[in-house]
Amino acid sequence: MTLAGNMRINGDRLWDALMEMAKIGPGVRGGNNRQTLTDEDAEGRALFQKWCEDAGMTMGVDQMGNMFFRREGTDPDALPVYVGSHLDTQPTGGKYDGILGVLGGLEIVRTLNDLNIKTKHPIVVVNWTNEEGTRFAPAMLASGVFAGMHTQDWAYERVDADGKKFGDELVRIGWRGDEEVGARKMHAFYELHIEQGPILEAENKDIGVVTHGQGLWWIQITLTGKESHTGSTPMPMRKNAGLGMARITELVHETAMSHQPEAVGAIGHCDVYPNSRNVIPGKVVFTVDIRSPHQTVLDDMKERIETGAGKIAADLGLEIEIEEAGHFDPVAFNEDCVAAVRDAAERLGYSHRNLVSGAGHDACWINRMAPTAMVMCPCVDGLSHNEDEEISPEWARAGADVLFHAVVETAQIIE
């Protein structure tokens, strides 16, 4: 049975849930600071648990703190359809990045309850732990363990800026479950997310049908020179680590520009030592972020940057260390799941276009485990990872409508 085009989620209820969750871990100017494994994260989890259990779902929690809420299907042997995203935010994050996908999954179940619709396959709404990777690198840490990309022991040893370990903080906030990570089997997985880019809004499209995800390398580079006085050290006698970082920054930009239109690169993180006005930097540590949906391009960018950085360091008399701090290959999402998203948008009358996701998402890892697709809605000016991140209630409703239809079609309605 196919869902009728007039079957829609309750957009007001979804928006109310988004605003209620945003009260937990408020930012300084309207966004959120609900970083992973903080007290605020624990509070958000508890509220989400209450809402899901009020909707009749049962909870499971694995040893990485991933939360799974199950609505039963009519076939006890049918694998569940999973849907969700993450509740954690950046330190200066918005109210929708990740949260829309989690609460959109909850709204699916609430709407099914309202309409008294049963599905053959169970539906499981999931909150993945530490998608952002800000407090504990790398990003998508818990879904990465779930998908076998990282070991659980390695993940537990990740430390934050204060030296606190992921495993210890997970226990501290009370969300380390007993369930084996990755033991669950899935029929399919869907994730709703804001675009985090400007394309949908600029083209006045309601829905992004995500066909691919960019591959990524995070390359951490440490340059070591010699601290010395900025006023009394002759220019030819300097070993300026800051100058090395500046030249590598240009190299990253030039490398990405040579692979347009679908490659990007930048340096977003840097630490300069001793970071004093009148001391030439003796050491810098920074992270190069390069992305492309094409494996050959990603490989070429990485090789050119690492080789070029080595030459820059040698020319300036600097020592260099290069460490791979994060990586995932380009992703091609499941054609049948992508078609389910596209068909849902057309059935509902929403304008849409294909998109390549420029950001990493939990779906990129889960795609290795089960057929996966993503739905995207616009965000104002493409702004995300920023407290000024904004979407409209209409955009949220459209994305959740498409998610609802795609998930429920995949879970198979029982007449």
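What follows is a short conversation about a predicted model of one protein chain.

Visitor: What secondary structure does the chain have?
Guide: The chain has twelve helices and 17 strands.

Visitor: What makes the chain as compact as a globular protein of that length?
Guide: Set two values side by side. The radius of gyration is 23 Å, and the globule rule gives 22 Å for 415 residues. The two are close, so the chain is as compact as a globular protein of that length. Along the principal axes, the C-alpha atoms fill a box of roughly 80 × 45 × 40 Å.

Visitor: How much of the chain is buried?
Guide: Buried residues make up 56% of the 415. As for contacts between residues at least 6 apart in sequence, 80% join residues at least 24 apart.

Visitor: Why is Thr111 called buried?
Guide: The cut-off for buried is under 20% relative accessible area. Thr111 has 2%, so Thr111 is buried. Thr111 sits in helix α3, residues 99-115.

Visitor: Which residues does Thr111 touch, leaving aside its neighbours within four places in sequence?
Guide: Thr111 is in contact with Arg8, Ile9, Asn10, Arg13 and Phe404. Consider Ala55 too: 56 residues separate Ala55 and Thr111 along the chain, and their C-alpha atoms are 9.8 Å apart.

Visitor: Why is Gln412 called partly exposed?
Guide: Buried means under 20%, exposed means over 50%, and partly exposed is in between. Gln412 has 35% relative accessibility, so Gln412 counts as partly exposed. Gln412 lies in the loop between α12 and β17 (413-414).

Visitor: What is the phi of Gln412?
Guide: Phi of Gln412 is near 65 degrees, a positive value in a residue other than glycine. Most residues other than glycine have a negative phi. Gln196 also has a positive phi, near 65 degrees. Gln196 is in the loop between β6 (188-194) and α7 (199-202).

Visitor: Which peptide bond before Pro138 is cis?
Guide: The bond from Ala137 to Pro138 is cis, with omega near 5 degrees. Pro138 is in the loop between β5 (123-127) and α4 (141-146). Another cis bond joins Gln260 and Pro261, with omega about 15 degrees. Pro261 lies in the loop between α8 (241-257) and β10 (264-273). Most peptide bonds are trans.

Visitor: Now the helix packing. Why are α1 and α12 called roughly perpendicular?
Guide: Helix α1 (residues 11-21) packs with α12 at an angle of about 110 degrees, with the axes 9 Å apart. Angles from 65 to 115 degrees count as roughly perpendicular. Therefore α1 and α12 are roughly perpendicular to each other. Their crossing is right-handed.

Visitor: Which residues of α1 and α12 meet?
Guide: Gly11, Asp12, Leu14 and Trp15 of α1 meet Pro393, Ala396, Arg397 and Ala400 of α12. By class, the contact of α1 with α12 has five nonpolar, one polar and two charged residues.

Visitor: What makes α10 oblique to α12?
Guide: Helix α10 (residues 335-348) and helix α12 (residues 393-411) pack at about 125 degrees, with axes 8 Å apart. Roughly perpendicular covers 65 to 115 degrees, and roughly antiparallel starts over 145. The angle falls in neither range, so α10 is oblique to α12. The crossing of α10 and α12 is right-handed.

Visitor: Which residues make the contact of α10 with α12?
Guide: From α10 come Ala340, Val341, Ala344, Ala345, Arg347 and Leu348. From α12 come Asp401, Val402, His405, Ala406, Glu409 and Thr410. The contact of α10 with α12 divides into seven nonpolar, two polar and three charged residues.

Methods
Residues numbered from 1 in each chain as written. Predicted model: local features only at pLDDT ≥ 70, side-chain atom pairs only at ≥ 80, totals over all residues. Heavy atoms only, no water. Axes fitted to C-alpha atoms, helices over the stretch in contact; angles between N-to-C directions. Helix = DSSP H or I, 4+ residues; strand = E, 2+ residues; numbered from the N terminus. Parallel < 35°, antiparallel > 145°, perpendicular 65-115°, else oblique. Left-handed = near helix turned anticlockwise from the far one by under 90°. Contact = heavy atoms within 4.5 Å. Nonpolar A, V, L, I, M, F, W, Y, C, P; charged D, E, K, R; others polar. Rg over C-alpha atoms; globule rule 2.2 N^0.38 Å. Buried < 20%, exposed > 50% of the residue type's maximum accessible area, 1.4 Å probe, protein only.
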